[in-house]
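Trainee: Please pick one part of this model and take a close look at it. Then set that part in the context of the whole chain.

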Amino acid sequence: MKPMNALAGNELLWRQPRFGADHYELCQGESLFAEVYWTRRLSEAAVARVAGGWWTLDRLGWLRDRVVATVADTDQVVASFEFDWLKNGTIRLANSRAFDWYRTKAFANAWALAEGGGQAHLEIEHGHTWCRENAWVALHFPAGDPDLPLLQCLAMYLVRCIT
């Protein structure tokens, strides 16, 4: 798996390696940068792996209206997301950064992530190709942003689990 700072452009693809798998890989060409996978069927708990780290992602709350990312095998929360009935909300990182998550197209599973109400840092659109799920990603993050790997994995989780 390659580190995210080795990206050579801003177009990426989350792909399902095989039909029906609860597993997604973030690729650019043949290069693998991250993966998100569910360890149990019918569970909302997932694992996100990147070069140099991994997290667990899960929905919490009575109405399952909160998503939390923790450092794997610990209880250290590194990100949380609370959403409204339209599934829009704010991602808050442990380092006090906040990102708005919102739908960009009315009748499509297309979302954006923006910091402080500014221009979108990440756009993701979920769909299907030949019986497999894919999510196309356009990145507009500043080069070398240390939060990009976590946010990238969290975006895929949100697209897959709450939309």
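**An edge-to-edge look at β1**

Mentor: Leucine 13 has tryptophan 136 of β12 as its bridge partner. The model is predicted, so local features need pLDDT of at least 70 and side-chain atom pairs count only at pLDDT 80 or more, while totals for chains, interfaces and linings use all residues. Numbering starts from 1 along each chain as its sequence is written, and side-chain values use heavy atoms, without hydrogens and water.

Strand β1 covers residues 11-15. Strands here are DSSP runs of E with at least two residues, helices are runs of H or I with at least four, and both are numbered from the N terminus. In β1, Leu12 and Trp14 point to one face and are buried, whereas Glu11, Leu13 and Arg15 point to the other face and are not buried. Buried means under 20% relative accessible area, exposed over 50%, and partly exposed in between, with a 1.4 Å probe and protein chains only. In a regular strand, side chains alternate between the two faces of the sheet.

Two strands count as paired if DSSP finds at least two bridges between them. β1 and β12 (residues 132-139) run antiparallel and are joined by five bridges. β1 also pairs with β2, again in the antiparallel sense, over three bridges.

In the pairing with β2, arginine 15 stands opposite glutamate 25. Glutamate 25 belongs to β2, residues 23-28, and is buried, with a relative accessible area of 15%. Its contacts, meaning heavy atoms within 4.5 Å, include Leu13, Trp14 and Arg15 from β1. Pro17, Leu32, Ala34 and Glu35 are also in contact with glutamate 25, when neighbours within four places in sequence are left aside.

On the β12 side, Trp136 is touched by histidine 126. Histidine 126 sits in strand β11, residues 120-129, and counts as buried at a relative accessible area of 16%. Not counting residues up to four places away in sequence, histidine 126 also touches Asn109, Glu133, Asn134, Ala135, Met156 and Val159. With Glu133 there is a side-chain to side-chain polar contact of 2.8 Å. A polar contact is a pair of N or O atoms within 3.5 Å; within protein, one must be able to donate a hydrogen and the other to accept it, and residues adjacent in sequence count only if both atoms are side-chain atoms.

A disulfide is a pair of cysteine sulfur atoms within 2.5 Å, and by this rule the count is zero. Cysteine 131 is in no disulfide, and its nearest cysteine sulfur, that of cysteine 27, is 19 Å away. Cysteine 131 is exposed, with a relative accessible area of 58%. Cysteine 161 is in no disulfide either, with the sulfur of cysteine 153 as the nearest, 13 Å away. Cysteine 161 counts as buried at 17% relative accessibility.

As for the whole chain, the protein has one helix and 12 strands, and the order from the N terminus is β-β-β-β-β-β-β-β-β-β-β-β-α. The radius of gyration is 15 Å, close to the 15 Å that the globule rule gives for 163 residues, so the protein is as compact as a globular protein of that length. This radius is taken over C-alpha atoms, and the rule is 2.2 Å times the number of residues to the power 0.38. Along the principal axes, the C-alpha trace spans about 40 × 35 × 35 Å. Of the 163 residues, 48% are buried.
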